[in-house]
Amino acid sequence: MKKVLALTMVAAMTLGLAACGSKPAETTAAPAATTAAAAETTAAAAETQAAAETEAAAEAGDFKFDKTVNVYITHGAGGDTDYMARMLSQALEQELGVSVVCSNVTGSNGATCMQQYKDGDTDGYTFIATNTAALTGNEATGMVDFGYDAFEPVAIYGIQSGENLVVPADAPYDTLADLIEATKANPGQIKLGISTGGGVYIEACVLTNLGGAQFNLIDAGDGASRLTALLGGEVDATSLPYSTAADYIENGQLKSLCTLLSKAPTLLPDQPAASETIPELVIDTMYAVLAPKGTDPAAVKAMNDAILKVTSTDDWKQKCNDYSFQDPFVLNVDDTIAELKNQRDLFQSFKPFL
Amino acid sequence: MLLEGLMAVMQPVTIFLIAVGVAVGIIFGSIPGLTATMAIVMFLPATYSMSASQGISMLMALYIGGISGGLISAILLNIPGTPSSVATCFDGKPMADKGEAGKALGTGVVFSFIGTLIGIAILIVLTPVLCDFALKFQAYEYCALAIFSLSMVIALTGHDMPKGLISAVLGALLATAGLAPIDSKPRFTFGLFQMNNGFALLVLLIGLFAISEVMAYAESVRKDQGFTIESNAKIKGAGFSLKEGIAQIPNAIVSSLIGVGIGILPGIGGGVSCMISYTVSKNTSKHPQLYGTGIMDGVVASESANNATIGGAMIPLLALGIPGDACTAMLLGGLQVHNVAPGPLIYEKNGAVVYAIFFAMIVSAIFMMLFMLLGMRFFIAVLKVPKNYLLPIVLVLCGIGAIGNANMVFDTYVMVGFGLMSYLMIKSKIPTVPMILGFILGPTFETNLRRVSQLASSDPFYHHPIFCVLMIATILVVIFSVRSNLKEAKRAEAEELAAEAAASAAAKTE
């Protein structure tokens, strides 16, 4: 009897655990649809929903989404790329009437995910959410041998708050031009904290090769580590996302010399752009949705239409304002391809000195 | 603001979310292959649509539950549920083998609770002071800290030092696979893009501890010794007497302080803190020879340290906006999506949320102790499940965990590979624990050494007092450990010679 009981327990445990087991695969449906542990029910619900709302989907043109859409996010949970992708998926879920399931596949600045899914299913239910700096930057630095043209670009649906060149508030320079002059006066002594291989690395290479700056380039890791290094005095200047540095700028510990966006964010209009000093120094990091190469153009168009629609609401505007100090920025398929080509051409022009 | 924070947590919904979070955290923590980090990853998106204090309360509950749950499988199965409970196996398993599983679990749970509270207390009181300390740790200091911590390997391995070093160096070498730090040059990837990220700590951990445990068990299957371990299922209270508990308090305080200290330093984490405090506890104990034989001291040292690390890791996260490990990195994201920006102004801008976090941590710690003490009976029942049913289940879960870590099936092959390696290591009596230390600290050392080499031209080492102190301390630790090891070896040799001489003398007289 006892043995039977024990076996039953094991069986029950296994089932329970198997249910848990599906979770760490980071497969969570967009937050709106998910209450804590309802991962399995979502799939079932999706079918009934799909049946009920085919009409809504019909508006999206020739292509009808009638089963679960998978979105693979190239960066980790908690970061800006993840947040934007999940907010978009949540809105799309309501618009399309089918489940939109997000999974993070991270590593190598997004290259792992893009490599894994660039030749993924072309049935119109597989999408990749990434940012343009990762897409074009990884190609320019030679980390991967493919660019945006290895995918079917679907949409650009947002723009980041941007990287800022940041120095301690008591530093003797107030503009990018001052800083560059200071490095020339004292070659190799002003330390610029960078993270080799990423956008900040590209920025440093442009500063050196096109701006004539003579920094001592110090690897200081990701955004948080670069902040530590700057506060701890290990480096004299570094590049940080505005949101990371905002508090320190406000309380007078740090100051921002310029933004690397081509144009300052809508809600932070006073910042000068780096391109005023060095025209080529532009890193417009945008959030993009891609589909595997060969995906049905009708599906791409339908998805783009849906994205255009859900990002035109006041709610979406508020989210962009709050999170990235930006107004909504969304492009149709053709403009998306044109923008990606622009960014790629710019980054490729840096290739000789990367 | 204090009241506002308290109010935010003391709502039924928030309390419920905390209870769910702790329970899920404990489950994730206790299952080898699933970790606190995964629990947070999974639930983070769900918190996007909650209020700031609800969301962060739930994440804190998952974090505390996840780190605490690891002790269950460490004690009962000798497989650490999370990297943070590696050192709990050392004494927890022998205790369980002696039939004291209940006592070991009770000790682990209560001292996890105490460790968490000490961590929270330090977080609340000393944050401003300790922030400056965290900022002083830069490339030079990390470099020295990594070497210093690695020198602990000698103490961890006892008298067979060469084998300990082999293990640690192998660990550090394994960590070099993948894209190199700083210049992102692929190393040992054999053209496989799956290898670009290198080996994951989790996969190595499963391979080293879970797979090898299953294989070692498979060996003993034919020797019929009964498939279950009997244990004193009748547990009163926490399984140990008040007197025994009080005697452990100094040990718990020292270990918690070590845990907090390591927590404050970004990038080191609970896996290292439990091992270091175990070593320190052993070396400062009056009865170091008993460590590893199944005494409370070892469990106390490991479990209070890893839980105190939570409070420590929250210090730089809240006050500087700098996450110390994968878990806190996700907490940072969880705060930012609610427009709570951790940093020097967090008290002024979002004081209520900060206090809500403190209260949520305290409530989570209480739930954690409650759930685990109540659940102890059931956990021990796991030991009654015949191992030939239990271990295959564990194995499957490990595989799921390995896949879930990065959504790659490739990692299960790696897991099996590490399992085979680990089995061979155990067969040749090479300890596996130093390998984990080497694996974690090797990259810290390499990255910072390379940064130091960039810095050296404009910032020489003698400007860094902490670096100098740590290096001198390392040299002293090595000299003393080697000397005491040599002495021990000599004594053993002398005893052997004496015994031989006596034997031959006895033979002659005959």
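How many residue pairs are in polar contact between domain 1 of chain B and domain 2 of chain B? The count is 2 residue pairs, both residues of each at pLDDT 80 or more. A polar contact is a pair of N or O atoms within 3.5 Å; within protein, one must be able to donate a hydrogen and the other to accept it, and residues adjacent in sequence count only if both atoms are side-chain atoms.

This is a predicted model, in which local features need pLDDT of at least 70 and side-chain atom pairs count only at pLDDT 80 or more, while totals for chains, interfaces and linings use all residues. Residues are numbered from 1 along each chain as its sequence is written, chains are lettered from A and ligands numbered from 1 in the order in which they are written, and side-chain values use heavy atoms, with hydrogens and water left out.

**Domains within each chain**

Domain bounds come from an automatic or database domain assignment. In chain B, domain 1 covers 1-136 + 243-406 and domain 2 covers 138-199 + 429-481. Contact, meaning heavy atoms within 4.5 Å, involves 12 residues from domain 1 of chain B and 15 residues from domain 2 of chain B. In chain A, the assignment gives 63-160 + 285-353 as domain 1 and 163-276 as domain 2. Here 12 residues from domain 1 of chain A and 13 residues from domain 2 of chain A take part in the contact.

The table lists the distance between domain centres, taken over C-alpha atoms, and the buried area, which is the accessible area (1.4 Å probe) that two parts lose on being put together, summed over both.

| Domain pair | Centre separation | Buried area | Carbon and sulfur share |
|---|---|---|---|
| Domain 1 and domain 2 of chain A | 28 Å | about 1200 Å² | 72% |
| Domain 1 and domain 2 of chain B | 25 Å | about 1300 Å² | 76% |

A salt bridge is a side-chain nitrogen of Lys or Arg within 4 Å of a carboxyl oxygen of Asp or Glu. The count is 0 salt bridges between the domains of chain A and 0 salt bridges between those of chain B. Between domain 1 of chain A and domain 2 of chain A, 3 residue pairs are in polar contact. On the side of domain 1 of chain A that touches domain 2 of chain A, the residues divide into 5 nonpolar, 6 polar and 1 charged. In this scheme Ala, Val, Leu, Ile, Met, Phe, Trp, Tyr, Cys and Pro count as nonpolar, Asp, Glu, Lys and Arg as charged, and the others, Gly among them, as polar.

**Between the chains**

The interface takes 55 residues from chain B and 53 residues from chain A. About 4900 Å² is buried between the two chains, 64% of it on carbon and sulfur atoms. There is 1 salt bridge between chain B and chain A: Arg451(B) pairs with Asp219(A), and their closest N and O atoms are 3.1 Å apart. The interface also has 6 residue pairs in polar contact.

**Cysteines**

A disulfide is a pair of cysteine sulfur atoms within 2.5 Å, and the count over all chains is 0 disulfides. Why does Cys102(A) have no bond to Cys113(A), which holds the closest cysteine sulfur? The two sulfurs are 11 Å apart, too far for a bond. The sulfur of Cys274(B) is likewise too far from the closest cysteine sulfur, in Cys89(B), at 8.9 Å. Buried means under 20% relative accessible area, exposed over 50%, and partly exposed in between (1.4 Å probe, protein chains only). Cys102(A) is buried at 0% relative accessibility, and Cys274(B) is buried with a relative accessible area of 0%.
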